Amino acid sequence: MSAAVRSGTRLPSARLHFTVPEGEDGWLPERGDAFLAALLMPAMSLGADLVVDAPVSGRLLRSARTVMEVYAAWWERLREVRVTAGEPVRARPGLDATGLFFTLGVDSFYSLLRDGEHRTEPGHRPVTELLFVNFEQHTGPDHDRLLDRVRLVAGRSGCRAVVVETNLRTLTAPLVRWEDYHGAALGSTALALQGLLGRCLIAAGFEYRHLPPYGSHPVLDHLWSTEALEVVHDGADATRAQKVARRLARSELALGNLAVCWRDRPGRNCGACEKCLRTMVALELAGVLPRCATLPGVLDLERLRTVPMGSADARDAMREVGLDAGARGRPDLAEAAALAADRYGPVPPAAVAR
């Protein structure tokens, strides 16, 4: 499914597409919902009205106003704009499958494993589709091996792997910061798949006790829902260390396939970047770091203390894992994580209070 995107010089005209190479007829209904979600933040960045020349869910169109209010409150550079679309219509139900955006990372593994423990409960709608979205448009042998691992995990979990190719990130990159935008990108992809999905989970990156402004957030994610699709922010009940201790530490499938790093090659953990290192801290706290086949079995504290931190979100996440280490009686890890985060800016009041 694709649409022409026309705007000024800061976002050249192009076609925005969603492609499911192994999909089935009807999975991608010809609607404007996905394009509204995808282009709302870029339009706000430009200060330009957004016109979607296609039918759009009435519920989604109403929710767009709330989304803009949240965006403008969090990020002052974004301005509310007028949104118009084809005649609002109710979205038609799809196949009522439940999807989970899945990257082989800690957050998505936690949501998958937790869902598996509730599959037989009355009224539970279990995950049936693991959605892997190639936002970076990777190709080649490393990418193919990564997809093989996603399919392996899906098969062993009783799910189907659904791979989506899209140029969404490339097209919008000149206007939006990925950390601010990625929740809308995921919501947009779920909306594109309304012919398949009746429910879709977005795995949380932060826990309820510490929720900085972030692209995927419990305040935002559910607003991408329509009359036929429920979008759910899932897993904000636990920190990264708690997710590892509660679920991943007991899963050989997770420990054998964990992929958290995208610095060099898709699916290959470098073992040296801030994301790899804070994941290793969580695994060390759970006592399973030597059993994780995809990361070094020993944590280098000096490397942890001095690792470059590229964003405020990364610093927040590093402080969070350091606080977990202190609470679990590991002052050595807590001190190293705090040093890494604090070398790049003061500790925010919320982190101190926690």
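How much space lies in the second largest pocket? Let's start there and work through this predicted model one exercise at a time.

**Exercise 1. Describe the second largest pocket: its space, its lining and where that lining comes from.**

Step 1. Begin with the space: the second largest pocket holds about 540 Å³.

Step 2. Now look at its walls. There are 23 lining residues, and Ala 4, Val 5, Leu 39, Val 51 and Val 52 are the ones nearest the centre.

Step 3. Find the elements behind that lining. Two or more residues each come from strand E1 (2-5), helix H1 (33-46) and strand E3 (50-52). H1 gives the largest share, with 5 residues.

Step 4. Sort the lining by class: you get 15 nonpolar, 3 polar and 5 charged residues.

**Exercise 2. Do the same for the largest pocket.**

Step 1. Its volume is about 1300 Å³.

Step 2. The lining of the largest pocket takes in 40 residues, and nearest the centre you'll find Trp 178, His 182, Tyr 214, Trp 262 and Lys 275.

Step 3. The elements that supply two or more lining residues are H3, E6, helix H6 (178-192), strand E8 (197-203), helix H9 (274-285) and helix H11 (312-327).

Step 4. Class by class, the lining of the largest pocket splits into 20 nonpolar, 9 polar and 11 charged residues.

**Exercise 3. How many cavities of 30 Å³ or more are there, and which residues line the largest cavity?**

Step 1. Count them: there is 1 cavity of 30 Å³ or more.

Step 2. Get its volume: the largest cavity has about 40 Å³ of space.

Step 3. List the wall: Gly 205, Phe 206, Leu 211, Pro 212, Tyr 214, Ser 216, His 217, Pro 218 and His 233 line the largest cavity. You may remember Tyr 214 from the residues nearest the centre of the largest pocket.

Step 4. Sort by class: the lining of the largest cavity has 5 nonpolar residues, 4 polar ones and no charged ones.

**Exercise 4. Work out where the buried residues of H4 sit around its axis, and what covers them.**

Step 1. Check the length of H4. With 16 residues, H4 reaches 23 Å from first C-alpha to last, close to the 22 Å expected at 1.5 Å a residue.

Step 2. Pick out the buried residues, using the cut-off of under 20% relative accessible area. In H4 these are Asp 142, His 143, Leu 146, Leu 147, Arg 149, Val 150, Val 153 and Ala 154.

Step 3. Place them around the axis. Their arc is only 155°, so they lie on the same side of H4.

Step 4. Turn to the other side of H4, where Pro 141, Gly 155 and Arg 156 are exposed.

Step 5. Look for the cover. H3, E6, strand E7 (160-166) and helix H8 (252-257) are among what covers the buried residues of H4.

Step 6. See what comes next: after H4 there is Gly 158, with a positive phi near 75°.

**Exercise 5. Compare the spans of H3 and helix H12 with what their residue counts predict, then list their buried residues.**

Step 1. H3 has 12 residues and should span 16 Å at 1.5 Å a residue; its end C-alpha atoms are 17 Å apart, so the two agree.

Step 2. H12 (residues 331-342) also has 12 residues and an expected 16 Å; here the end C-alpha atoms are 16 Å apart, so that agrees too.

Step 3. H3 is mostly covered, with 9 of its 12 residues buried: Val 106, Asp 107, Ser 108, Phe 109, Tyr 110, Ser 111, Leu 112, Arg 114 and Asp 115.

Step 4. The buried residues in H12 are Leu 333, Ala 334, Ala 336, Ala 337, Ala 340 and Ala 341. Their cover includes H9, helix H10 (301-306) and H11.

**Exercise 6. Is Leu 104 buried or exposed, and where does Leu 229 sit?**

Step 1. Leu 104 is in the loop between strand E5 (97-101) and helix H3 (106-117). Its phi is positive, near 75°, though Leu 104 isn't a glycine.

Step 2. The relative accessibility of Leu 104 is 0%, so Leu 104 counts as buried.

Step 3. Leu 229 lies in the loop between E8 and strand E9 (230-234). At a relative accessible area of 1%, Leu 229 is buried.

Step 4. Leaving out residues up to four places away in sequence, Leu 229 touches Ala 190, Leu 191, Gln 194, Leu 197, Gly 198, Arg 199 and Cys 200.

Methods
Residues are numbered from 1 along each chain as its sequence is written. This is a predicted model: local features need pLDDT of at least 70, side-chain atom pairs count only at pLDDT 80 or more; totals for chains, interfaces and linings use all residues. Side-chain values use heavy atoms; hydrogens and water are left out. Helices (H or I, at least four residues) and strands (E, at least two) are DSSP runs, numbered from the N terminus. Buried means under 20% relative accessible area, exposed over 50%, partly exposed in between (1.4 Å probe, protein chains only). The expected span of a helix is 1.5 Å times one less than its number of residues. The arc is that of the directions from the helix axis to the C-beta atoms. Contact means heavy atoms within 4.5 Å. On a 1 Å grid over the protein atoms alone, a cavity is a set of points where a 1.4 Å probe fits but cannot get out, and a pocket is an open set with protein on both sides within 12 Å along at least five of seven lines; lining residues have an atom within 4 Å of a point. Grid points are joined across faces, edges and corners, and a volume is the space filled by probe spheres set on the points. Ala, Val, Leu, Ile, Met, Phe, Trp, Tyr, Cys and Pro count as nonpolar, Asp, Glu, Lys and Arg as charged, and the others, Gly among them, as polar.
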